[in-house]
Amino acid sequence: MGRGGVQFVLPILVACLLGRVAWCVPQLELATVVYRHGDRTPIVTWRTDPYGSESSWPQGYGQLTIRGMAQQFFLGELFYDRYISRTYPDFLNENYTRTQLYIRSTDVDRTLMSAEVQLSAFFYPSEGQRFNVTLPWQPIPVHTVPMADDILLRAFDADCPYYSWLVNQSYFTPEYIALEQQNNDLVVLLRNVTGNTALKIEDLWMVEDTLFIENIYNRTPSWYSTALFNTIKSITDYTLTLMFNSVEKNRLSAGVFVGELVAYMNTTVMGMPQSDATKMHMYSVHDTTVAAVMSALGLYNGIQPPYATAFMIELFSENGNFFVKFFFRNDTATTSVQELFIPACGGTNCTWSQFVSFTRKLIPSDWNAECQFPTPTPSVTSSPSTTSSPPTTSSQIASSEVAAITLGVLLGFVVLLVVVFCIVAILKSRMPSKSYSIDDETKTPLMTAKQSF
């Protein structure tokens with residue numbers, strides 16, 4: 001290379017090292033963040049709990065606490081550092097710009113409030129954005145839909161009979177039965193101390209969740225111990241994985257979310273015109289939502305996501321090529337973010353084609369249709385199977401029950417007529433030949449006989 005070439009290339013190399021030339025370093029194009037709400041009050045308690053009434057907790061059951069608000073504010077500051085000031089400087093405007101950000105929450109008080117608090121730290125208003133000079137806050141829209149309709153963020157709680165059946169089947173596997181047998185003494189103990197005589201292994205999350213919260217606020221019962229709690233926690237971590245441990249469950253619990261994620265990323269990758277310049281999607285959700293999405297992508301670590309944890313999905317471009325990376329803030333108080341290894345892609349980067357390929361099996365073409373029980377495929381021969389088939393639908397059960405009841409009533413009526421006929425015949429055969437008039441009192445024995453059968 002001649003001197004002129006060196007003089008041309010050297011400044012570019014220096015600029016690349018300093019990150020001054022866009023096409024020399026990966027550029028963040030889109031970011032999606034799924035994060036859990038902050039600390040909350042218990043959802044349920046037990047019969048013997050002295051703090052079991054809603055009046056024992058600020059605002060009642062399942063509500064965001066002051067502690068939880070502080071956690072969300074801290075999380076918003078972390079997002080500010082990552083997407084505005086330090087990690088990816090100027091990815092978003094420092095002043096809130098509505099076309100750059102879309103945030104959605106489940107329709108639950110604690111997630112809606114978490115979104116509002118987090119945003120107050122993420123986008124600290126400039127003087128020109130304050131409607132009250134003494135209030136350093138600005139309203140930012142948070143979108144939601146009714147819980148019953150939210151198949152994007154809470155599909156696992158929606159009306160999906162086949163998904164419910166799949167999860168229920170997990171409670172009849174040899175592994176689960178062995179777990180029940182190994183922990184029978186624990187369940188008996190907890191039934192006695194909580195007063196919940198119907199408690200089962202799959203219900204232990206209610207005890208674990210409340211013990212966790214009561215320990216934070218120094219309200220634990222006399223029978224509490226760290227060892228006991230850790231034992232319960234290990235079981236509830238396992239039972240949570242049973243909600244999302246197969247491709248079928250993944251499709252029905254997080255497939256709609258994955259489909260939407262791929263769709264709006266594809267718009268950027270294909271260079272299609274966009275209706276707006278949205279660069280970031282945020283979702284204020286629950287531990288189960290975080291677990292569902294991470295499980296579908298093969299990234300869940302099997303541990304219940306703590307308060308204010310955040311799962312980040314980021315689309316990058318470099319020299320015209322696109323790739324996806326995943327990051328996880330897996331602790332409530334940490335400022336560090338862990339870059340995740342992606343098993344489906346064999347590294348920490350997923351090329352766009354790899355990402356599309358491995359998510360394809362997760363996206364339902366018709367979620368509502370797939371939620372219904374599959375129609376059995378007829379075959380000439382059948383072989384025994386240890387796996388039970390999906391039960392018939394409620395309408396099928398109702399129809400068969402009505403038919404059985406109707407047939408039973410008819411058969412009973414026929415039998416009754418036969419019995420009556422036989423008895424009458426017998427009585428007639430034993431009657432004297434004398435005939436009785438209506439007024440003849442000697443008919444009394446016959447009347448008595450009729451009353452006796």
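This is a tour of a predicted model, stop by stop, with what to select at each one.

**The whole chain**

Start with the full chain, coloured by secondary structure: there are 14 helices and seven strands. Of its 453 residues, 41% count as buried. Among contacts between residues at least 6 apart in sequence, 72% join residues at least 24 apart.

Then colour by confidence. The mean pLDDT is 85, and 77% of the residues reach 70 or more. Select residues 378-387, where pLDDT stays under 50 and the model has zero contacts beyond four places in sequence. Select residues 429-453 as well; pLDDT also stays under 50 there, with eight contacts beyond four places in sequence. Where pLDDT is low, the predicted coordinates should not be read in detail.

**Helix 10**

Select residues 287-296, which form helix 10. How many of its residues are buried? The count is 10 of 10, so the helix is mostly covered. Among them are Asp287, Thr288, Thr289 and Ser295, along with Val290, Val293 and Met294. To see what covers the buried residues, show strand 1 (27-36), strand 3 (280-285), strand 4 (310-318) and strand 5, and add helix 8 and helix 9; the cover includes these elements. Just after the helix, Gly298 takes a positive phi of about 75°.

**The largest nonpolar core**

Next, show side chains for Met265, Leu297, Phe311, Val324, Phe326, Trp352 and Phe355. Within the largest nonpolar core, which has 53 residues, these touch the most other members. Elements giving two or more residues to this core include helix 4, helix 10 and helix 11 (352-359), as well as strand 1 and strand 3. Which element gives the largest share of this core? Helix 9 does, with nine residues.

Centre the view on Phe311. Beyond its neighbours within four places in sequence, Phe311 is in contact with Thr32, Val33 and Val34, with Val293, Met294, Leu297 and Leu299, and with Phe326, Phe327, Phe328 and Leu340. A second, separate core has 27 residues, including Tyr83, Leu92, Phe123 and Phe316. In soluble globular proteins, nonpolar side chains tend to be buried together.

**Phe327 and its surroundings**

Move to Phe327 in strand 5. Is Phe327 buried or exposed? Its relative accessible area is 8%, under the 20% cut-off, so Phe327 is buried. The charged end of Arg82 sits over the Phe327 ring, 4.5 Å from its centre. Not counting residues up to four places away in sequence, Phe327 also touches Tyr88, Met312, Glu314, Val337 and Gln338, among others. Measure from the C-alpha atom of Phe327 to that of Leu340: they are separated by 5.6 Å and lie 13 residues apart along the chain.

For another charge over a ring, select Arg219 and Trp57. The charged end of Arg219 sits over the Trp57 ring, 4.4 Å from its centre.

**Aromatic pairs**

A search of the whole structure finds 24 aromatic pairs. Select Phe156 and Phe244: their ring centres are 5.9 Å apart and the planes are at 75°, so this pair is edge-to-face. The two residues are 88 apart in sequence, with Phe156 in the loop between helix 3 (109-122) and helix 4 (161-169) and Phe244 in the loop between helix 8 (226-241) and helix 9 (247-269). Phe156 counts as buried at 8% relative accessibility, and Phe244 is buried at 4%.

Now select Tyr35, Phe79, Tyr83, Tyr88, Phe91, Tyr96, Phe122, Phe123, Phe316 and Phe323, which ring pairs link into a cluster.

**Thr332**

Select Thr332, in the loop between strand 5 (321-329) and strand 6 (338-339). What lies 2.7 Å from a polar atom of the Thr332 side chain? The backbone oxygen of Tyr307 does. Leaving aside neighbours within four places in sequence, Thr332 is in contact with Gln71, Phe74, Pro306, Tyr307 and Ala308.

**Trp205**

The last stop is Trp205 in helix 7 (residues 204-216). Trp205 is partly exposed, with a relative accessible area of 37%. Show Ile235 too: the C-alpha atoms of Trp205 and Ile235 are separated by 8.4 Å, and the two residues are 30 apart along the chain.

Definitions and conventions:
Residues numbered from 1 in each chain as written. Predicted model: local features only at pLDDT ≥ 70, side-chain atom pairs only at ≥ 80, totals over all residues. Heavy atoms only, no water. Helix = DSSP H or I, 4+ residues; strand = E, 2+ residues; numbered from the N terminus. Polar contact = N/O pair within 3.5 Å; in protein donor to acceptor, adjacent residues only side chain to side chain. Contact = heavy atoms within 4.5 Å. Phe/Tyr/Trp six-rings, centres within 6.5 Å; stacked < 30°, edge-to-face > 60°. Buried < 20%, exposed > 50% of the residue type's maximum accessible area, 1.4 Å probe, protein only. Lys NZ or Arg CZ within 6 Å of the ring centre and 35° of its normal. pLDDT = per-residue confidence, 0-100. Core = buried A, V, L, I, M, F, W, Y, C linked by side-chain atoms within 4.5 Å.
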